Amino acid sequence: MPNKPGPKRPHGLPHVIQGTLRQKAWRAMQIKRKFTLADLVRNALAEEDAARDPHNNLRRYVKALTKVGVLHEMPRRAAPASPTSNGEKRWLLVRDLGRLAPVARMNGGVYDPNSEKTLVEIVGGAEASHAE
Amino acid sequence: MKDLFVKTSNYVAFEAGINKALSRGALEATNVLVFGPPGTGKTENIDYWAVQNDAIHLRANEGWTPRQFMKELATKAGIDSTGSAHALFERLLSYMVGTGTPLVIDEVNFCLADNAAVMEKIRDFSDRTETLVVYAGDERVIPKIGRHAQIASRFAAVVEFKMATLADVRQLCDELAEVQIADDLVGYLHHQSGGRVRNVIDGIAVAERIGKKTSGRVALADCEGMEMMFDWQTRRSAVVKPMRKGA
(Lines give C-alpha, C1' and ligand atoms only; values in the text may rest on other atoms or scores of the structure.)
Protein backbone atom coordinates (compact mmCIF):
# COMPACT_ATOMS: atom_id res chain seq x y z
CA MET A 1 0.00 0.00 0.00
CA PRO A 2 1.50 3.39 -0.99
CA ASN A 3 2.34 5.83 1.77
CA LYS A 4 -0.24 8.60 1.99
CA PRO A 5 0.91 12.06 3.07
CA GLY A 6 -0.64 13.80 6.08
CA PRO A 7 -1.31 12.93 9.69
CA LYS A 8 -2.31 9.35 10.49
CA ARG A 9 -4.35 10.21 13.56
CA PRO A 10 -5.39 13.28 15.60
CA HIS A 11 -2.47 15.00 17.35
CA GLY A 12 -4.30 15.18 20.66
CA LEU A 13 -6.04 18.22 22.02
CA PRO A 14 -7.16 20.91 19.58
CA HIS A 15 -4.60 23.68 19.17
CA VAL A 16 -5.94 26.85 20.77
CA ILE A 17 -4.40 30.22 20.03
CA GLN A 18 -4.82 32.83 22.74
CA GLY A 19 -4.43 36.61 22.64
CA THR A 20 -6.73 36.98 19.66
CA LEU A 21 -9.61 39.37 19.11
CA ARG A 22 -12.03 36.70 20.31
CA GLN A 23 -9.94 36.02 23.42
CA LYS A 24 -10.11 39.71 24.26
CA ALA A 25 -13.84 39.77 23.53
CA TRP A 26 -14.28 36.79 25.89
CA ARG A 27 -12.39 38.70 28.59
CA ALA A 28 -14.66 41.72 27.97
CA MET A 29 -17.74 39.47 28.31
CA GLN A 30 -16.45 38.15 31.65
CA ILE A 31 -15.88 41.67 32.95
CA LYS A 32 -19.04 43.31 31.66
CA ARG A 33 -21.46 40.37 31.94
CA LYS A 34 -24.12 42.39 30.05
CA PHE A 35 -22.96 43.89 26.79
CA THR A 36 -23.72 44.91 23.21
CA LEU A 37 -21.65 44.05 20.18
CA ALA A 38 -20.31 47.62 20.16
CA ASP A 39 -19.11 47.16 23.77
CA LEU A 40 -17.14 44.09 22.74
CA VAL A 41 -15.57 45.75 19.71
CA ARG A 42 -14.64 48.87 21.68
CA ASN A 43 -12.96 46.86 24.46
CA ALA A 44 -11.39 44.11 22.40
CA LEU A 45 -9.91 46.17 19.61
CA ALA A 46 -6.58 47.82 20.39
CA GLU A 47 -5.07 50.64 18.33
CA GLU A 48 -2.35 48.39 16.94
CA ASP A 49 -4.77 45.60 15.96
CA ALA A 50 -5.30 45.23 12.25
CA ALA A 51 -8.53 43.25 12.57
CA ARG A 52 -10.52 42.86 9.40
CA ASP A 53 -14.22 43.55 10.01
CA PRO A 54 -14.19 42.95 13.79
CA HIS A 55 -17.98 43.48 13.99
CA ASN A 56 -18.67 40.57 11.72
CA ASN A 57 -16.08 38.38 13.44
CA LEU A 58 -17.50 39.01 16.90
CA ARG A 59 -21.11 38.79 15.73
CA ARG A 60 -20.45 35.23 14.54
CA TYR A 61 -18.63 34.42 17.79
CA VAL A 62 -21.50 35.75 19.93
CA LYS A 63 -24.01 33.82 17.81
CA ALA A 64 -22.07 30.58 18.31
CA LEU A 65 -21.86 31.12 22.08
CA THR A 66 -25.57 31.91 22.25
CA LYS A 67 -26.44 28.69 20.41
CA VAL A 68 -24.66 26.54 23.01
CA GLY A 69 -26.17 28.42 25.96
CA VAL A 70 -23.07 30.31 27.13
CA LEU A 71 -24.74 33.63 26.33
CA HIS A 72 -28.37 34.58 26.56
CA GLU A 73 -29.93 37.28 24.40
CA MET A 74 -31.66 39.82 26.61
CA PRO A 75 -35.27 40.78 25.91
CA ARG A 76 -34.53 44.53 26.04
CA ARG A 77 -32.26 46.20 23.55
CA ALA A 78 -29.90 49.11 24.25
CA ALA A 79 -31.26 52.64 23.80
CA PRO A 80 -31.13 53.50 20.09
CA ALA A 81 -28.70 56.18 18.92
CA SER A 82 -30.89 57.27 16.01
CA PRO A 83 -34.68 57.66 15.49
CA THR A 84 -34.95 54.83 12.96
CA SER A 85 -32.88 52.33 14.97
CA ASN A 86 -34.41 49.63 17.18
CA GLY A 87 -31.34 49.76 19.41
CA GLU A 88 -28.54 47.25 19.67
CA LYS A 89 -29.08 43.71 20.91
CA ARG A 90 -27.72 42.95 24.36
CA TRP A 91 -26.41 39.67 25.73
CA LEU A 92 -25.87 38.26 29.19
CA LEU A 93 -23.03 35.87 30.04
CA VAL A 94 -24.82 33.00 31.78
CA ARG A 95 -22.04 30.38 31.84
CA ASP A 96 -18.56 31.64 32.62
CA LEU A 97 -16.47 28.74 31.32
CA GLY A 98 -13.11 30.00 32.63
CA ARG A 99 -10.09 32.07 31.69
CA LEU A 100 -9.45 30.50 28.31
CA ALA A 101 -11.76 31.69 25.57
CA PRO A 102 -14.11 29.10 24.08
CA VAL A 103 -13.48 28.34 20.43
CA ALA A 104 -16.34 28.37 17.91
CA ARG A 105 -15.99 25.42 15.56
CA MET A 106 -16.60 25.83 11.83
CA ASN A 107 -18.91 22.82 11.75
CA GLY A 108 -21.01 23.94 14.75
CA GLY A 109 -20.43 23.54 18.46
CA VAL A 110 -17.99 25.31 20.70
CA TYR A 111 -14.78 23.86 22.15
CA ASP A 112 -14.12 24.79 25.77
CA PRO A 113 -10.34 24.67 26.42
CA ASN A 114 -10.92 25.00 30.18
CA SER A 115 -12.79 21.72 30.51
CA GLU A 116 -11.30 20.33 27.24
CA LYS A 117 -14.78 19.43 26.06
CA THR A 118 -17.03 20.46 23.21
CA LEU A 119 -20.34 22.15 23.90
CA VAL A 120 -23.06 21.20 21.48
CA GLU A 121 -25.95 23.28 20.25
CA ILE A 122 -29.07 23.49 22.39
CA VAL A 123 -32.03 21.94 20.58
CA GLY A 124 -35.56 22.75 21.76
CA GLY A 125 -34.49 24.53 24.95
CA ALA A 126 -32.51 21.56 26.34
CA GLU A 127 -29.31 22.24 28.26
CA ALA A 128 -26.07 22.33 26.29
CA SER A 129 -24.34 19.03 26.71
CA HIS A 130 -20.68 18.12 26.60
CA ALA A 131 -19.26 15.85 24.00
CA GLU A 132 -15.76 14.44 24.02
CA MET B 1 -20.50 56.40 15.30
CA LYS B 2 -17.30 54.39 15.31
CA ASP B 3 -16.89 51.71 17.96
CA LEU B 4 -13.51 52.77 19.25
CA PHE B 5 -11.98 53.25 22.64
CA VAL B 6 -10.68 56.83 22.80
CA LYS B 7 -7.59 57.38 24.92
CA THR B 8 -8.43 60.69 26.55
CA SER B 9 -6.23 62.55 29.05
CA ASN B 10 -7.55 60.36 31.91
CA TYR B 11 -6.38 57.18 30.20
CA VAL B 12 -3.00 58.72 29.39
CA ALA B 13 -2.56 59.64 33.07
CA PHE B 14 -3.66 56.15 34.08
CA GLU B 15 -1.13 54.51 31.74
CA ALA B 16 1.57 56.80 33.14
CA GLY B 17 0.61 55.60 36.64
CA ILE B 18 0.88 51.96 35.53
CA ASN B 19 4.30 52.60 34.00
CA LYS B 20 5.41 54.26 37.21
CA ALA B 21 4.32 51.21 39.20
CA LEU B 22 6.13 48.88 36.81
CA SER B 23 9.36 50.84 37.05
CA ARG B 24 9.11 51.29 40.81
CA GLY B 25 12.09 51.41 43.13
CA ALA B 26 10.41 49.75 46.12
CA LEU B 27 9.42 46.27 44.95
CA GLU B 28 6.47 46.02 47.31
CA ALA B 29 4.91 49.25 45.95
CA THR B 30 2.85 47.41 43.35
CA ASN B 31 -0.47 49.17 43.67
CA VAL B 32 -2.14 51.87 41.59
CA LEU B 33 -5.23 53.71 42.79
CA VAL B 34 -7.68 55.34 40.41
CA PHE B 35 -10.29 57.62 41.89
CA GLY B 36 -12.68 60.30 40.74
CA PRO B 37 -16.32 61.36 40.70
CA PRO B 38 -18.98 59.34 38.84
CA GLY B 39 -19.16 60.01 35.11
CA THR B 40 -15.42 60.39 34.55
CA GLY B 41 -15.10 56.99 32.88
CA LYS B 42 -13.16 55.08 35.55
CA THR B 43 -14.91 51.78 34.91
CA GLU B 44 -14.73 52.09 31.10
CA ASN B 45 -11.00 52.89 31.17
CA ILE B 46 -10.14 50.18 33.67
CA ASP B 47 -12.22 47.56 31.87
CA TYR B 48 -10.41 48.39 28.61
CA TRP B 49 -7.00 48.16 30.28
CA ALA B 50 -7.96 44.85 31.95
CA VAL B 51 -9.06 43.36 28.62
CA GLN B 52 -5.94 44.51 26.78
CA ASN B 53 -3.61 43.28 29.53
CA ASP B 54 -5.42 40.02 30.25
CA ALA B 55 -5.92 41.02 33.89
CA ILE B 56 -8.19 39.34 36.42
CA HIS B 57 -11.01 41.77 37.11
CA LEU B 58 -12.97 41.60 40.35
CA ARG B 59 -15.81 43.86 41.44
CA ALA B 60 -15.93 44.19 45.21
CA ASN B 61 -19.34 43.84 46.83
CA GLU B 62 -20.96 45.00 50.03
CA GLY B 63 -19.94 42.66 52.85
CA TRP B 64 -16.94 41.19 51.01
CA THR B 65 -14.68 39.17 53.31
CA PRO B 66 -11.07 37.99 52.68
CA ARG B 67 -12.39 34.46 52.20
CA GLN B 68 -14.95 35.59 49.60
CA PHE B 69 -12.25 37.59 47.83
CA MET B 70 -9.99 34.51 47.63
CA LYS B 71 -12.82 32.27 46.42
CA GLU B 72 -13.80 34.75 43.73
CA LEU B 73 -10.18 35.19 42.66
CA ALA B 74 -9.74 31.42 42.45
CA THR B 75 -12.91 31.04 40.37
CA LYS B 76 -11.78 33.76 37.95
CA ALA B 77 -8.30 32.26 37.74
CA GLY B 78 -9.82 28.86 36.97
CA ILE B 79 -8.26 27.08 39.95
CA ASP B 80 -9.83 24.99 42.71
CA SER B 81 -11.58 27.30 45.18
CA THR B 82 -12.38 24.64 47.81
CA GLY B 83 -10.47 23.62 50.94
CA SER B 84 -9.11 25.54 53.88
CA ALA B 85 -8.26 29.24 53.71
CA HIS B 86 -4.57 28.37 54.06
CA ALA B 87 -4.63 25.83 51.20
CA LEU B 88 -6.52 28.28 48.99
CA PHE B 89 -4.04 31.05 49.77
CA GLU B 90 -1.11 28.79 48.86
CA ARG B 91 -2.75 27.76 45.57
CA LEU B 92 -3.46 31.36 44.67
CA LEU B 93 0.09 32.40 45.53
CA SER B 94 1.60 29.80 43.24
CA TYR B 95 -0.83 30.76 40.46
CA MET B 96 -0.06 34.46 40.71
CA VAL B 97 3.70 33.97 40.92
CA GLY B 98 3.56 31.64 37.93
CA THR B 99 1.43 33.78 35.65
CA GLY B 100 2.14 37.34 36.81
CA THR B 101 -1.46 38.22 35.92
CA PRO B 102 -2.34 41.76 37.03
CA LEU B 103 -5.33 42.22 39.30
CA VAL B 104 -8.03 44.88 38.96
CA ILE B 105 -10.36 45.61 41.88
CA ASP B 106 -13.29 47.87 41.08
CA GLU B 107 -15.43 49.48 43.83
CA VAL B 108 -12.53 49.41 46.28
CA ASN B 109 -14.75 51.18 48.85
CA PHE B 110 -16.18 47.76 49.72
CA CYS B 111 -12.69 46.43 50.58
CA LEU B 112 -12.28 48.87 53.44
CA ALA B 113 -14.79 47.36 55.87
CA ASP B 114 -13.62 45.62 59.03
CA ASN B 115 -10.37 47.58 59.29
CA ALA B 116 -9.61 47.07 55.57
CA ALA B 117 -9.45 43.28 56.02
CA VAL B 118 -9.83 42.57 52.28
CA MET B 119 -7.17 45.10 51.30
CA GLU B 120 -4.84 43.56 53.85
CA LYS B 121 -5.38 40.16 52.23
CA ILE B 122 -4.71 41.61 48.78
CA ARG B 123 -1.56 43.20 50.20
CA ASP B 124 -0.47 39.73 51.40
CA PHE B 125 -0.67 38.57 47.79
CA SER B 126 0.89 41.60 46.14
CA ASP B 127 3.78 41.80 48.64
CA ARG B 128 4.69 38.16 48.13
CA THR B 129 4.13 37.88 44.39
CA GLU B 130 4.86 41.52 43.36
CA THR B 131 1.65 41.44 41.35
CA LEU B 132 0.42 44.72 39.91
CA VAL B 133 -2.92 45.59 41.55
CA VAL B 134 -5.14 48.37 40.21
CA TYR B 135 -7.85 49.67 42.54
CA ALA B 136 -10.70 51.94 41.44
CA GLY B 137 -13.12 53.85 43.61
CA ASP B 138 -14.64 57.26 44.25
CA GLU B 139 -13.06 60.21 46.08
CA ARG B 140 -14.15 58.94 49.49
CA VAL B 141 -11.52 56.17 49.46
CA ILE B 142 -8.55 58.55 49.71
CA PRO B 143 -8.88 59.47 53.42
CA LYS B 144 -10.01 55.93 54.26
CA ILE B 145 -6.94 54.34 52.69
CA GLY B 146 -4.77 57.06 54.24
CA ARG B 147 -5.70 55.75 57.69
CA HIS B 148 -3.88 52.48 56.94
CA ALA B 149 -0.25 53.53 56.51
CA GLN B 150 0.96 50.01 55.72
CA ILE B 151 -1.52 49.85 52.76
CA ALA B 152 -1.11 53.47 51.59
CA SER B 153 2.68 53.05 51.36
CA ARG B 154 2.18 50.28 48.74
CA PHE B 155 0.73 52.69 46.18
CA ALA B 156 3.22 53.57 43.48
CA ALA B 157 0.76 55.94 41.81
CA VAL B 158 -2.56 57.59 42.60
CA VAL B 159 -4.42 58.78 39.50
CA GLU B 160 -7.30 61.21 39.71
CA PHE B 161 -9.89 60.92 36.98
CA LYS B 162 -11.31 64.30 36.03
CA MET B 163 -14.18 65.46 33.84
CA ALA B 164 -13.31 65.58 30.14
CA THR B 165 -11.48 68.72 29.06
CA LEU B 166 -12.25 70.71 25.90
CA ALA B 167 -9.31 68.95 24.22
CA ASP B 168 -10.77 65.57 25.25
CA VAL B 169 -14.16 66.50 23.75
CA ARG B 170 -12.39 67.56 20.54
CA GLN B 171 -10.56 64.22 20.49
CA LEU B 172 -13.82 62.30 21.10
CA CYS B 173 -15.51 64.17 18.24
CA ASP B 174 -12.58 63.57 15.88
CA GLU B 175 -12.19 59.89 16.64
CA LEU B 176 -15.81 58.79 17.12
CA ALA B 177 -17.91 60.87 14.76
CA GLU B 178 -18.25 59.88 11.13
CA VAL B 179 -18.78 63.54 10.22
CA GLN B 180 -16.69 66.62 10.92
CA ILE B 181 -17.76 68.64 13.95
CA ALA B 182 -17.00 72.36 14.12
CA ASP B 183 -15.23 74.01 17.06
CA ASP B 184 -18.33 75.92 18.25
CA LEU B 185 -20.29 72.69 18.57
CA VAL B 186 -17.39 71.03 20.39
CA GLY B 187 -17.38 73.95 22.84
CA TYR B 188 -21.14 73.64 23.29
CA LEU B 189 -20.92 69.87 23.94
CA HIS B 190 -18.16 70.43 26.47
CA HIS B 191 -20.08 73.14 28.29
CA GLN B 192 -23.46 71.38 28.33
CA SER B 193 -22.07 67.98 29.29
CA GLY B 194 -19.94 69.34 32.12
CA GLY B 195 -17.26 66.96 30.81
CA ARG B 196 -19.35 63.78 31.23
CA VAL B 197 -18.23 61.50 28.41
CA ARG B 198 -21.57 59.71 28.17
CA ASN B 199 -23.37 63.00 27.50
CA VAL B 200 -20.74 64.07 24.97
CA ILE B 201 -21.31 60.81 23.09
CA ASP B 202 -25.08 61.45 23.05
CA GLY B 203 -24.36 64.86 21.52
CA ILE B 204 -22.02 63.38 18.93
CA ALA B 205 -24.75 60.92 17.87
CA VAL B 206 -27.15 63.83 17.26
CA ALA B 207 -24.51 65.81 15.36
CA GLU B 208 -23.78 62.76 13.25
CA ARG B 209 -27.44 62.39 12.26
CA ILE B 210 -27.51 66.01 11.14
CA GLY B 211 -24.19 65.67 9.34
CA LYS B 212 -25.36 62.65 7.39
CA LYS B 213 -28.40 64.59 6.13
CA THR B 214 -26.44 67.69 5.16
CA SER B 215 -23.32 65.67 4.22
CA GLY B 216 -21.00 68.34 5.50
CA ARG B 217 -19.30 69.78 8.53
CA VAL B 218 -21.71 70.18 11.46
CA ALA B 219 -21.66 73.49 13.32
CA LEU B 220 -23.74 74.71 16.26
CA ALA B 221 -26.08 76.64 13.93
CA ASP B 222 -27.00 73.35 12.17
CA CYS B 223 -28.28 71.92 15.47
CA GLU B 224 -30.82 74.66 16.26
CA GLY B 225 -33.80 73.26 18.18
CA MET B 226 -32.18 69.83 18.52
CA GLU B 227 -32.05 68.02 21.84
CA MET B 228 -28.35 67.24 22.17
CA MET B 229 -28.28 65.39 25.51
CA PHE B 230 -30.24 64.80 28.69
CA ASP B 231 -28.85 65.79 32.06
CA TRP B 232 -30.10 63.49 34.83
CA GLN B 233 -28.87 65.81 37.55
CA THR B 234 -30.91 68.80 36.39
CA ARG B 235 -33.51 66.54 34.70
CA ARG B 236 -33.47 68.83 31.67
CA SER B 237 -32.57 68.32 28.05
CA ALA B 238 -29.92 70.48 26.46
CA VAL B 239 -31.63 72.00 23.41
CA VAL B 240 -29.64 74.27 21.07
CA LYS B 241 -31.26 77.71 21.13
CA PRO B 242 -31.75 79.71 17.91
CA MET B 243 -28.73 81.86 17.06
CA ARG B 244 -28.97 85.64 17.33
CA LYS B 245 -28.67 87.46 14.05
CA GLY B 246 -25.10 88.52 13.38
CA ALA B 247 -23.80 86.05 15.95
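## Interface, cores and local geometry of a two-chain model

Across the interface of chain A and chain B there are 9 residue pairs in polar contact, both partners having pLDDT 80 or more. The structure discussed here is a predicted model, and every value below was computed from it.

### The interface

On the side of chain A that touches chain B, the elements giving two or more residues are helix H1 (21-32) and helix H2 (37-44) of chain A. H1(A) makes the greatest contribution to that side, with 7 residues. By residue class, the side of chain A that touches chain B divides into 9 nonpolar, 5 polar and 7 charged residues.

In terms of contacts, 21 residues of chain A meet 21 residues of chain B. The size of an interface is often expressed as the accessible area lost when the parts come together. For chain A and chain B the buried area is about 1,800 Å², with 46% of it on carbon and sulfur atoms. Within chain A, the residues that lose the most area to chain B are Ile31(A), Arg42(A) and Arg99(A), which together account for 40% of what that side buries.

Charged pairs also span the two chains, since the rule finds 4 salt bridges across the interface of chain A and chain B. In one salt bridge, Arg27(A) pairs with Asp54(B), and the closest N and O atoms are 2.6 Å apart. Asp54(B) follows just after H2(B) and takes a positive phi of about 55°.

### Lys32(A) and helix H2 of chain B

Lys32(A) belongs to helix H1 of chain A. Is this lysine buried or exposed? Lys32(A) counts as buried because its relative accessibility is 17%, under the 20% cut-off for that class. Leaving out residues up to four places away in sequence, Lys32(A) touches Asp39(A) and Asn43(A) in chain A, and Glu44(B) and Asp47(B) in chain B. The side chains of Lys32(A) and Asp47(B) are joined by a polar contact of 3.0 Å.

Asp47(B) is itself among the buried residues of H2(B), as are Lys42(B), Asn45(B), Ile46(B), Tyr48(B), Trp49(B), Ala50(B), Val51(B) and Gln52(B). Helix H2 (residues 42-52) of chain B is largely enclosed by the rest of the structure, because 9 of its 11 residues are buried.

### Nonpolar cores

In soluble globular proteins, nonpolar side chains tend to be buried together. Here the largest nonpolar core has 49 residues, and those with the most contacts inside it are Trp26(A), Met29(A), Phe14(B) and Trp49(B). H1(A) supplies the largest share of this core, 6 residues. With residues up to four places away in sequence not counted, Met29(A) touches Phe35(A), Leu40(A), Tyr61(A), Val62(A), Leu65(A), Leu71(A) and Leu93(A). Another core, of 33 residues, lies apart from it and includes Leu88(B), Leu92(B), Met119(B) and Phe155(B).

### Chain A and the surroundings of Val41(A)

Chain A contains 3 helices and 7 strands, and along the sequence these follow the pattern α-β-α-α-β-β-β-β-β-β. Of the 132 residues of chain A, 36% count as buried. Among the contacts in chain A with a separation of 6 or more, 53% come from residues 24 or more positions apart.

Val41(A), in helix H2 of chain A, counts as buried because its relative accessibility is 1%. Outside its neighbours within four places in sequence, Val41(A) is in contact with Pro54(A), His55(A), Leu58(A) and Asp3(B). Val41(A) and Pro54(A) are 13 residues apart in sequence, while their C-alpha atoms are 6.7 Å apart in space.

### Positive phi in loops

Most residues other than glycine have a negative phi. Two loop residues with positive values are set out in the table, one from each chain.

| Residue | Phi | Loop | Relative accessible area |
|---|---|---|---|
| Asp53(A) | about 45° | between H2 and helix H3 (54-67) of chain A | 47% |
| Glu130(B) | near 55° | between helix H5 (113-129) and strand E4 (133-137) of chain B | 39% |

Asp53(A) is partly exposed, because its relative accessible area is 47%. Glu130(B) also counts as partly exposed, because its relative accessible area is 39%.

How values were computed. Residues numbered from 1 in each chain as written. Chains lettered and ligands numbered in written order. Predicted model: local features only at pLDDT ≥ 70, side-chain atom pairs only at ≥ 80, totals over all residues. Heavy atoms only, no water. Contact = heavy atoms within 4.5 Å. Buried area = accessible area lost by both parts, 1.4 Å probe. Salt bridge = Lys/Arg side-chain N within 4 Å of Asp/Glu carboxyl O. Polar contact = N/O pair within 3.5 Å; in protein donor to acceptor, adjacent residues only side chain to side chain. Helix = DSSP H or I, 4+ residues; strand = E, 2+ residues; numbered from the N terminus. Nonpolar A, V, L, I, M, F, W, Y, C, P; charged D, E, K, R; others polar. Core = buried A, V, L, I, M, F, W, Y, C linked by side-chain atoms within 4.5 Å. Buried < 20%, exposed > 50% of the residue type's maximum accessible area, 1.4 Å probe, protein only.
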